[in-house]
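Q: Please take a close look at a single part of this model, the place where the two chains meet, and then set it beside the surroundings of the ligand. A connected account would serve better than a list.

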Amino acid sequence: MSLLDKLDAVAAARKALLPEGVEVFGTPIEEVYSSTEARIGDHRILFLGTNNYLGLTFAQECRDAAQEAIHSEGTGTTGSRMANGSYRGHRALEREFAEFYQCRSCIVFTTGYQANLATISGLAGPGDIVLIDGDSHASIYDGCRLSGAEIIRFKHNDPADLEKRLRRLGERSRSTLIIAEGIYSMLGDRAPLADIVKVKDAYNSTLLLDEAHSLGVLGETGQGLVEETGLLDRVDFITGTFSKSLGGIGGYCVSNHPQLDQLRYVSRPYIFTASPTPATIASTRAALRLLREGVELRRQLWKNVHQLYSQLKELDYRLGPEPSPVIATILETPQQALALWKGLLENGIYVNLVLPPATPEGNSLVRCSVSAVHTSEQMNHVGKTFARLRETVFQ
Amino acid sequence: MLNDYNEVLQKLCHHLEQLVGPGVEITPQTDLINELAIDSVKLLNLIMEIEDEFDISVPINALADVQTVHELASLIHRIKAQEQ
Ligand SMILES: Cc1ncc(COP(=O)(O)O)c(C=O)c1O
């Protein structure tokens, strides 16, 4: 098969699955009105699939900070920090993140995807082992590939399976990097962190936790699962993203290991890409302040989470195992998922449709994510619409 | 003996039959992707089952070189022998 034939095969597979005229992936958004509302075609819609957990994309402080940064420092850095230097904002944001986590150091990356690529490939190399949760995000898989280390998966959220695999590795468990996520992006379940930490200590391995979906969402000050479980000082490296609860784009890694700083000299996804723009850094700094103080936002977020989760449960939709800002309805066939997705959109609710192979266990998902700034009217409309669509979807 | 190649092959074929259903002939030369339509996700799930059965861990990097049933059986056999 030629290079281009392979892409034709992809197009054919997509066409077989999805009806003509429905732009399911990358739906065009014509106008954005607020962190929860926009226009698709001629319809005003509610965003219920973004990862805007605290609704900060439209926070006045963040927008003002970004504008001010563009005025004073320009639109871009046009190069990597290695070659073109670190702006004041880059350094300040790293200090602020380190202080937030009470950690020795932080490195900021251009995206969350690159934070995982850079951290994993900087820590592990040929001859080492990465032991990753089977449901890990693509950025973790790709980081592992880039590292050249041996990649072994453990069963999703199963510390006993993790332990078994470490035992088999013998002495090599010392050069093993274990990777888990605070909240898993597809089904919204948390990692069993206390048990994972116990196993990692017993085998002298190193643990990396990706708090992409849990930053701002879990813990009193929003540090994530490490704060909720009181295990901050037992995790070796934490990565995360600015693109979800912080409403921007970029990523970070924090750690107490002094070696973290050496990643700046060995990690290709840090060295060979342009650094975050001044506007991005400025809005993220403002958002981090709001996130830390956002006790009320988190209270509102979890109120919305519990409302929607229990409504959908009552309606007998199959859901992820625990309430979380990611609320996924699990459907047996792609056709059912597509029918639900379309039904929601026709009623002005835009969510994520996730089809195999991007889903755990080959299921199809209609993935909702809840925000602190969704109003009770909006949440009621969502609940009523799911109730109305039940019949059509499962007919 | 469990680490005997033929026994590995037999057990692997048993897993594959359950995965692809009856009526499909599986030989050592059968191509996993092109003939049995086992995509990357199915392959990873199959590997988890096999790992339990043989009490081994199969690094997913090693799967890049696996195309046929024979190649997968040899890989499992080799890892099993190394771990003993
Ligand atoms: C668990 C996890 N890690 C990392 C990322 C990558 O983050 P970003 O999209 O900000 O690059 C994502 C989101 O896509 C994610 O869900």
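A: What follows goes through the contact between the chains, then two backbone angles, and then the ligand.

The model is predicted, and every value below should be read with that in mind. The contact draws 13 residues from chain A and 13 residues from chain B. Between chain A and chain B about 1,300 Å² of area is buried, and carbon and sulfur atoms give 51% of this. On the side of chain A, the residues that lose the most area to chain B are A:Ile151, A:Arg153 and A:Arg168, which together account for 46% of what that side buries. The size of an interface is often given as the accessible area lost when the parts come together.

Turning to the polar side of the contact, there are 11 residue pairs in polar contact between chain A and chain B, counting pairs with both residues at pLDDT 80 or more. Strand E6 (150-154) and helix H7 (159-169) of chain A each supply at least two residues of the side of chain A that touches chain B. Of the elements on that side, E6(A) gives the most, with five residues. By class, the side of chain A that touches chain B divides into six nonpolar residues, no polar ones and seven charged ones.

The charged residues lead on to the salt bridges, of which there are four between chain A and chain B, while the structure holds 26 over all chains. B:Asp52 takes part in a salt bridge with A:Lys164, where the closest N and O atoms are 3.3 Å apart. B:Asp52 also forms a salt bridge with A:Lys155, and here the closest N and O atoms are 2.5 Å apart. Because B:Asp52 lies in helix H2 (residues 40-54) of chain B and A:Lys155 in the loop between E6 and H7 of chain A, this pair joins two chains.

The loop between E6 and H7 of chain A also contains A:Asn157, which has a positive phi of about 55° although it is not a glycine. Most residues other than glycine have a negative phi. Elsewhere in chain A, A:Asp316 has a positive phi of about 75°, and A:Asp316 is not a glycine either; this residue is found in the loop between helix H13 (295-314) and strand E11 (326-331).

The ligand offers a second set of contacts to set beside these. Around the ligand there are 14 residues, of which A:Asp210, A:His213, A:Thr241, A:Ser243 and A:Lys244 come nearest. By class, this shell has two nonpolar, nine polar and three charged residues, whereas the side of chain A that touches chain B has no polar residues. Helix H5 (residues 112-123) of chain A gives the most to the shell around the ligand, with three residues. A backbone N or O atom of A:Tyr113 lies 2.8 Å from an oxygen atom of the ligand. Side chains contribute as well: an N or O atom in the side chain of A:His213 is 2.7 Å from an oxygen atom of the ligand, and for the side chain of A:Thr241 the corresponding distance is 2.5 Å. On its own the ligand has 380 Å² of accessible area, and the protein covers 83% of this.

Terms used
Residues numbered from 1 in each chain as written. Chains lettered and ligands numbered in written order. Predicted model: local features only at pLDDT ≥ 70, side-chain atom pairs only at ≥ 80, totals over all residues. Heavy atoms only, no water. Near = heavy atom within 4 Å. Polar contact = N/O pair within 3.5 Å; in protein donor to acceptor, adjacent residues only side chain to side chain. Areas by Shrake-Rupley, 256 points an atom, 1.4 Å probe, with all protein chains shown as cover. Helix = DSSP H or I, 4+ residues; strand = E, 2+ residues; numbered from the N terminus. Nonpolar A, V, L, I, M, F, W, Y, C, P; charged D, E, K, R; others polar. Contact = heavy atoms within 4.5 Å. Buried area = accessible area lost by both parts, 1.4 Å probe. Salt bridge = Lys/Arg side-chain N within 4 Å of Asp/Glu carboxyl O.
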